[in-house]
Every structure is written in structure tokens, then in C-alpha cells.
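Hi everyone, thanks for coming. Let me put the model up on the screen, and then we can walk through it together.

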Amino acid sequence: MAHKLFFSHNIASFIPFLLVFHFIPVVVSQFPYGYSQLSYRFYDWSCPRLTNMGCDGSVLLDDTDDMTGEKNAFPNRNSVRGFEVIDNIKEDVERFCPSTVSCVDILTLAAREAVVLAGGPSWQVMLGRRDGVTASQQAANEQLPSPFEPLENITAKFTSKGLDLKDVVVLSGAHTIGFAQCFTFKNRLFNFRGSGKPDPMLDSSALTNLQTICPNLDSSNTNLAPLDSGSMYRFDNKYYTNLMNNAGLLESDQVLTQDSKTAAMVNSYSMNSYLFWNDFGTSMAKLGNIGVLTGNKGQIRKKCGAINV
């Protein structure tokens, strides 16, 4: 319980990353199907207090002399936060259940609890994943969707992991929480696609506000702007309302309104928060079963930032 306030505030910038991008394991093709060994009650006997305390987890690994991990991959650098929250939870879990609960299962549960603490839905989480023993910055750079990519590229990256177009739209809704660095959308404010002018689709009041946060100077590149300015710490459907009003922050978000299929879903979620919540839980459960390690594969890390030696 002591972690809750710290957790709910600090995890906000981690959620969009956690829920949409790095939760898609970048080494999934090596271990395509392990979910059949997962269980909702995996720790009932070995660590019964787990859910009261608080992918393959490769993103948690720190760099070593032999491995350059994902934490400093281009999409994550100076952006992904909340690692210390996971580390603190892991310390507590190890105190009560040593060498039992994987970091990736903690990460999976943390994603759900973060959403609930932010006022969003809950969903059932299958457990029993084991931690990976390597990470790849190159794979992260190549396989993670970028805010500069067209919708077809982003969709292709999702479908290559067994997800579909609906999952793209639903899981993008995680951008109802958190922040983005100015360099990820500044081209929309001053020089959209080399035009020397702002993105004509961007709402004028949103444009003025963002130009204040992100002036046209290199020194503003790492400034942070909320992904959902109306409710940056609340998990709701305002992200979709923003898109309908042409006030989406990232080009990769706003582009969801430019395809007839995705635009119809955006419209539905903007009008029905319960529909969004239900579909979000379904997509998260689906996402959490992709590319997992189970059985004798991988390990149970003692510390999430390093493999066991």
C-alpha cells in the first residue's frame, strides 16, 4: 500500500509505453506460443499475497558490457519512466516470495493496477511468464512503432505480433495518460511535412498551446506535453474526443481519423467510454499473452534490471 500514491503518479508517463509499445516483445518471433501454460491462479500456492502487494520483461534490463538493452532505444530515451516503481515492487515481492515471481508478471500486473488507479477498467491477468535473459536496442528501434510512421506501418507492426486493426485503435487509447517529448510532434507545429507551416489538421487552440510548450528551438526538444491535455492523469475516453476535435498530439494518433475503418472506431469510443473500457481490457489480455516464455525457458530474475548470474 505504501507504493500506491507514488505508483499512480510516477507510472503515468510509463503507461503508454507499457501498454502499447514495449509490451509487444521485440523477440516474440523466437518464442511464439507459450501462453497455453499461463494461468490466472499460477501463484495461488507459491505466492498467495502477490496481488495484494501491488512480453518477456526485456525492457527492464540495464545495459551491460555485453549487451545494449532497450531502455535507451530511440523511442524510449528520456521518455520511458517508472522503472524504479517496478524495482520497488520487485523488492517487496522478493522479500515474501523469493525467486518465485517474474519481473514480466509484475510488469503485467502493474499495467493493470496503474490503469485502475487512474480510474480505468480492470481485467483478468494470466500469470506464469518467465523473464528473458537478453534485450536488443536494435530490435527495439526497428520493431517499435514510431510517432512519425504512417498508419499502415504501425498496423503492420501490430499484425506481425498477432494483433489486428481494432487492437491498434484500442491500445492507442492508452495515450489518454502520460506525456510526449516535443521532438515527437514539433514538426506538426512549425514545419509539417516540409511545408514551413503547421499541420492544417491541428486544432488552432491546441496549436497555440503547444507552440508555447514547445517553441521552435532545439532546446525545447525534450520538453514534455500531455498526450491528453484534458485529463492527463485520468484513464478515460477523452483521447478519442481529442482526435474527433483534431486535437490529437502525435501525428500517429490523429491519423486514426483519416482511415474510414479506424475513424469509425474512434467515433464509437469517443461517445461510449464503457465500450472503450471493455475493448481495452480484452485487447490488453490478448496483448499480455503474446510471445511469453514459460516452463523452463528464461528465468525468474532476482532484480529486474539484471539477469541472474
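Is Val-133 buried, partly exposed or exposed? With 45% relative accessibility, Val-133 counts as partly exposed; buried means under 20% relative accessible area and exposed over 50%, with partly exposed in between (1.4 Å probe, protein chains only).

A quick word on the basics. This is a predicted model, where local features need pLDDT of at least 70, side-chain atom pairs count only at pLDDT 80 or more, and totals for chains, interfaces and linings use all residues. Residues are numbered from 1 along each chain as its sequence is written, and side-chain values use heavy atoms, leaving out hydrogens and water.

Back to Val-133, which sits in the loop between α4 and α5 (137–143); helices here are DSSP runs of H or I, at least four residues, numbered from the N terminus.

Now let's go inside. The largest nonpolar core (buried Ala, Val, Leu, Ile, Met, Phe, Trp, Tyr and Cys residues joined through side-chain atoms within 4.5 Å) has 45 residues, and Leu-50, Leu-256 and Phe-280 have the most contacts inside it. Among the elements giving two or more residues to this core are α3 (83–96), α4 (103–117) and α7 (165–172). The biggest contributor is α4, with seven residues.

A second, separate core has 13 residues, including Cys-182 and Phe-185.

Finally, my favourite helix. Six of the eight residues of α7 are buried, so α7 is largely enclosed by the rest of the structure. Asp-167, Leu-171 and Ser-172 are among those buried residues. At its N-terminal end, α7 is capped by Asp-164, with a side-chain oxygen 3.2 Å from the backbone nitrogen of Lys-166.

Definitions and conventions
A polar contact is a pair of N or O atoms within 3.5 Å; within protein, one must be able to donate a hydrogen and the other to accept it, and residues adjacent in sequence count only if both atoms are side-chain atoms.
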